[in-house]
Amino acid sequence: MDHTRTPLFSALREHAAQNPVQFHIPGHKKGQGSDPEFRAFIGDNALSIDLINIAPLDDLHQPTGVIEEAQKLAADAFGADYTLFSVQGTSGAIITMIMSVCSPGDKIIVPRNVHKSIMSAIIFAGARPVFISPARDANLGIDHGITTRSVKRALEKHPDAKAVLVINPTYFGICANLKEIVDLVHSYDIPVLVDEAHGVLIHFHEDLPMSAMQAGADMAATSVHKLGGSMTQSSVLNVRKGRVNQHRVQTIISMLTTTSTSYILLASLDTSRRHLALNGHAIASNAIELAETARAQINEIPGLYSPGKEILGGEATFDLDPTKVIVHVRHLGITGYECENWLRDNYNLEVELSDMYNILALVTPGDTQDSVNTLVTALRAMADAHNGRNEIQELVVKIPEIPQLSLTPRDAFYGDTEVVPFKESAGRIIAEFIYVYPPGIPILLPGEVISQENIDYIVDHVEVGLPVKGPEDRSIQFVKVIVEEEAIF
């Protein structure tokens, strides 16, 4: 295929150049109806291609023209049989994957450390999750992926599962042996779905981990916007024919997608595909080199540690993406949260995430030696400001056992509920989510039975000021639970 072509973006430019008189939405009509300050800042070029699905520009919901051509080019670039564009982000693509293969009551095997979109999809589908605990890193205090052995045990207990979902790579860039897992799951004739939100570059360089399509997975939701240059909220869903029905996948993603699709986002996917297909190897090589340089320099700073390939060798640490620069800060006697705030306040520098013991910096094709130098300089100054001045905290990575699931998440989420004091909720069935960081795994999900161990773990984290996410009551004084019926005598 000719990857120099951008059928959708070219059609948009040609249409805008004709300067048609518009009597259709959007109402700003090439920016003339926009707020003047916003128009001046955004620019007329962008506003001129903020269009809708008129005939010359095809329709994302049933593409037969330039969008179809653009998606075929993307499928070729990503090694898929079919690629669907998503303007609902990777979350929309993930929900599509799960709803395409799961019906009410169906089992799906998933890691416990899943993105919230996966649990949203399970609620929407009425599926029943079978959780696998991820491997935990006792040195870094983070979670890795799931192992082949744990997948095998889950399949032996639940051979009737409709799908297995794998995160590859993890947020921190760590990968299990995806090919081995895919081959195992396929031996049961079950499809493999991959959350590839943080792996768009891995398609284009041999020194990066294997992609989902290379491993033979059936579907993968891939964030082009996170690392591949497209605009925020634009992603792709890559599909392999055989175990999934691509027509149903198209139907589901259409049901979940706005009918007012953003052509600016779609055009950014089209052009990013071109850039990655033509230059992906070179830009990935540069990002890898910059990241490895940063890692080596960070590891010379007293009190800091940036892990690399030396952590590989286990089932859950089969490979890593070196462009994800983890910085372990515990030996400075500060938390990752404090590190993030210090870098923001003192160097106007923003990192991707922080947790109790680490920060994560993403090195992408958008970086230069100057930006990496700024990161290293800031970290060196931060270490100088804290080294030897604080007591080093012991690394503790513990989490309660996965609770018993008494109701499907959908039944619990939509069930009759009442609000009770959280500290008195042991034995009740929760109807909302509770996540605690670290280590970032959901502690309680709708339909699970609250244990006293859960309560103690969450209260301990709240009392030391760590963020708790999910419940409507952010203070965690109260929690929504399923109403218990009174016995009738």
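**Group meeting talk: contacts within one predicted chain**

Let me begin inside one helix, H7, where lysine 152 and glutamate 156 sit four residues apart, which is about one turn of the helix. Please keep in mind throughout that this is a predicted model. These two residues form a salt bridge, and the closest N and O atoms of lysine 152 and glutamate 156 are 2.5 Å apart. To see why such a spacing suits a pair, recall that an α-helix has 3.6 residues a turn, so residues three or four places apart point the same way. Lysine 152 is partly exposed, with a relative accessible area of 39%, and glutamate 156 is partly exposed as well, at 45%.

A similar arrangement can be found in helix H8, residues 178-186, where lysine 179 and aspartate 183 are four residues apart and therefore separated by about one helical turn. Their salt bridge has its closest N and O atoms 2.8 Å apart. Lysine 179 is partly exposed, with a relative accessible area of 33%, while aspartate 183, at 41%, also counts as partly exposed.

Now, which parts of the chain does the salt bridge between aspartate 160 and lysine 107 link? Aspartate 160 belongs to the loop between helix H7 and strand E6 (163-167), whereas lysine 107 belongs to strand E2 (residues 107-111), so that distant parts of the chain, 53 residues apart, are linked by this pair. The closest N and O atoms of aspartate 160 and lysine 107 are 3.3 Å apart. Aspartate 160 is partly exposed at 45% relative accessible area, and lysine 107 is partly exposed at 21%. In the whole structure there are 17 salt bridges, and among the residues involved, Glu340, Arg344 and Glu350 are linked in a network.

Let me turn to the aromatic rings, of which there are four pairs. In one of them, the rings of phenylalanine 78 and phenylalanine 204 have centres 5.7 Å apart and planes at 65°, and because an angle over 60 degrees counts as edge-to-face, that is what we call this pair. Phenylalanine 78 lies in helix H4 (residues 66-78) and phenylalanine 204 in the loop between strand E8 (192-196) and helix H9 (212-215), so the pair ties together parts that are 126 residues apart in sequence. Both of these phenylalanines, 78 and 204, are buried.

Another pair joins phenylalanine 413 and tyrosine 414, whose ring centres are 5.2 Å apart and whose planes stand at 90°, so this pair too is edge-to-face. Are these two residues buried or exposed? Phenylalanine 413 is partly exposed, with a relative accessible area of 38%, and tyrosine 414, at 54%, counts as exposed. A ring can also have a charge over it, as with phenylalanine 131, where the charged end of arginine 112 sits 4.5 Å from the ring centre.

Finally, consider the helices as whole elements. Helix H1 (residues 7-17) packs with H4 at an angle of about 150°, and their axes are 7 Å apart. On the H1 side the contact is made by Pro7, Leu8 and Ala11, and on the H4 side by Val66, Ile67, Glu69, Ala70 and Leu73. Sorted by type, the residues of this contact are seven nonpolar, no polar and one charged. As for helix H5 (residues 89-101), 12 of its 13 residues are buried, so the helix is largely enclosed by the rest of the structure; the buried residues include Gly89, Ile94, Met97 and Val101.

Notes. Residues numbered from 1 in each chain as written. Predicted model: local features only at pLDDT ≥ 70, side-chain atom pairs only at ≥ 80, totals over all residues. Heavy atoms only, no water. Phe/Tyr/Trp six-rings, centres within 6.5 Å; stacked < 30°, edge-to-face > 60°. Helix = DSSP H or I, 4+ residues; strand = E, 2+ residues; numbered from the N terminus. Buried < 20%, exposed > 50% of the residue type's maximum accessible area, 1.4 Å probe, protein only. Lys NZ or Arg CZ within 6 Å of the ring centre and 35° of its normal. Axes fitted to C-alpha atoms, helices over the stretch in contact; angles between N-to-C directions. Contact = heavy atoms within 4.5 Å. Nonpolar A, V, L, I, M, F, W, Y, C, P; charged D, E, K, R; others polar. Salt bridge = Lys/Arg side-chain N within 4 Å of Asp/Glu carboxyl O.
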